[in-house]
Amino acid sequence: MTQSTAAPGTAAGCVPRPATADDAAEITRLRSQLVLSEPLDEEWLGICRDQLASRLRPGGDARACVVDAPGGGLAACALALIHPVLSAPRYPRGLAARIHIVATEPAHRRRGLARAAVSALLELLEREGVTLYELHASADAAPLYGEFGFAHDPALMRMTKLPQARDGGTG
């Protein structure tokens with residue numbers, strides 16, 4: 001049996017592990033409560049849980065590392081979605097990962113759990129041949145990602161487009 005140790009600065013016993021489909025409900029809960037600007041209702045929590053569970057299964061495109069909370073549930077998680085891109089010399093396998101969620105329960109913050117989860121996730125993705133990583137970071141989180149080699153790219157601008165709402169079918 002492999003003995004794992006906590007990363008420097010993390011609470012003892014709080015070691016990240018690869019997530020399974022069984023962790024989808026907790027990852028979805030953390031996303032809803034701590035990442036999204038507006039929490040999901042029960043219907044959407046169920047939809048997202050089921051989608052994520054499927055994507056975390058072998059052959060799926062989601063990878064996550066989680067830290068179990070001492071009292072049950074998750075204390076922290078880091079989730080990435082893998083997608084193909086056209087190859088280039090710096091990413092010859094054409095695999096990219098978007099870090100989609102990094103979240104830590106407020107009661108477990110300032111213990112290095114997010115750092116440990118992101119570190120474990122990046123190691124996992126690297127073993128799978130991912131060489132291009134992208135994420136959107138808040139100003140507060142940017143220093144953490146800088147520690148892992150992420151850099152601001154002034155050439156990129158995030159833009160989003162959502163479908164327009166239809167008003168009574170008169171469009």
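This note goes through the predicted model point by point, from the overall fold to single residues.

1. **Overall make-up.** The model is predicted, so local features are taken only where pLDDT is at least 70. The protein chain has four helices and five strands. Read from the N terminus, the elements run β-α-α-β-β-β-α-β-α. The chain counts 171 residues, and 36% of them are buried.

2. **Contacts and surface.** Take the contacts in the protein chain with a separation of 6 or more: 61% of them join residues 24 or more positions apart. The accessible surface of the chain is about 11,200 Å². Carbon and sulfur atoms hold 53% of that surface.

3. **The sheet.** Five strands form an open sheet in the order 1-2-3-4-5, and the pairing is mixed. Strand 1 (17–18) and strand 5 (132–135) are the edges. Each has a single partner strand, so one side of each lacks a neighbour in the sheet. In general, strands of a sheet pair through backbone hydrogen bonds, either parallel or antiparallel.

4. **Strands 2 and 3.** This pair is antiparallel, with seven bridges. Arg63 stands opposite Ala80 in strand 3. The two strands form a hairpin with five residues between them. Within that hairpin, Gly72 has a positive phi near 110°.

5. **Strands 3 and 4.** Strand 3 (residues 74–84) pairs with strand 4 (residues 95–104), again in the antiparallel sense. Nine bridges link the two. Two of the bridge partners in strand 4 can be named here. Ala96 is the partner of His83, and Ile99 is the partner of Ala80. Ala80 thus has Arg63 opposite and Ile99 as bridge partner in strand 4.

6. **Cover on strand 3.** How many of the 11 residues of strand 3 are buried? Nine are, and the strand is mostly covered.

7. **Helix 1 on the sheet.** Helix 1 (residues 24–35) lies across strand 2 (62–68), strand 3 and strand 4. Its direction runs at about 70° to strand 4.

8. **Helix 3 on the sheet.** Helix 3 (residues 113–127) packs on the sheet too, touching strand 2, strand 3, strand 4 and strand 5. Helix 3 makes about 30° with the direction of strand 3. Its buried residues include Leu113, Ala117, Val118, Leu121 and Leu125. The buried residues of helix 3 pack against strands 2, 3, 4 and 5, and also against helix 4 (142–147).

9. **Geometry of helix 3.** The helix has 15 residues, and at 1.5 Å a residue they should span 21 Å. The end C-alpha atoms are 21 Å apart, so the model agrees with the expected span. Just after the helix, Gly129 takes a positive phi of about 95°.

10. **Glu26.** This residue lies in helix 1. Is Glu26 buried or partly exposed? Its relative accessibility is 21%, and buried means under 20%, so Glu26 counts as partly exposed. Beyond its neighbours within four places in sequence, Glu26 is in contact with Gly73 and Leu74. The side chain of Glu26 reaches the backbone nitrogen of Leu74 at 2.8 Å. Glu26 and Leu74 are 48 residues apart along the chain, yet their C-alpha atoms are separated by 6.4 Å.

11. **Ser32.** Ser32 is also found in helix 1. Its relative accessibility is 3%, so Ser32 counts as buried. Which residues does Ser32 contact, leaving aside neighbours within four places in sequence? They are Pro39, Leu40 and Leu45.

12. **Glu105.** Glu105 sits in the loop between strand 4 and helix 3. At 17% relative accessibility, Glu105 counts as buried. Not counting residues up to four places away in sequence, Glu105 touches Arg29, Leu30, Gln33, Leu34, Leu74 and Ala75. Leu74 is also a contact of Glu26.

Methods
Residues numbered from 1 in each chain as written. Predicted model: local features only at pLDDT ≥ 70, side-chain atom pairs only at ≥ 80, totals over all residues. Heavy atoms only, no water. Buried < 20%, exposed > 50% of the residue type's maximum accessible area, 1.4 Å probe, protein only. Contact = heavy atoms within 4.5 Å. Polar contact = N/O pair within 3.5 Å; in protein donor to acceptor, adjacent residues only side chain to side chain. Pairing = 2+ DSSP bridges. Axes fitted to C-alpha atoms, helices over the stretch in contact; angles between N-to-C directions. Areas by Shrake-Rupley, 256 points an atom, 1.4 Å probe, with all protein chains shown as cover. Expected span 1.5 Å × (residues − 1).
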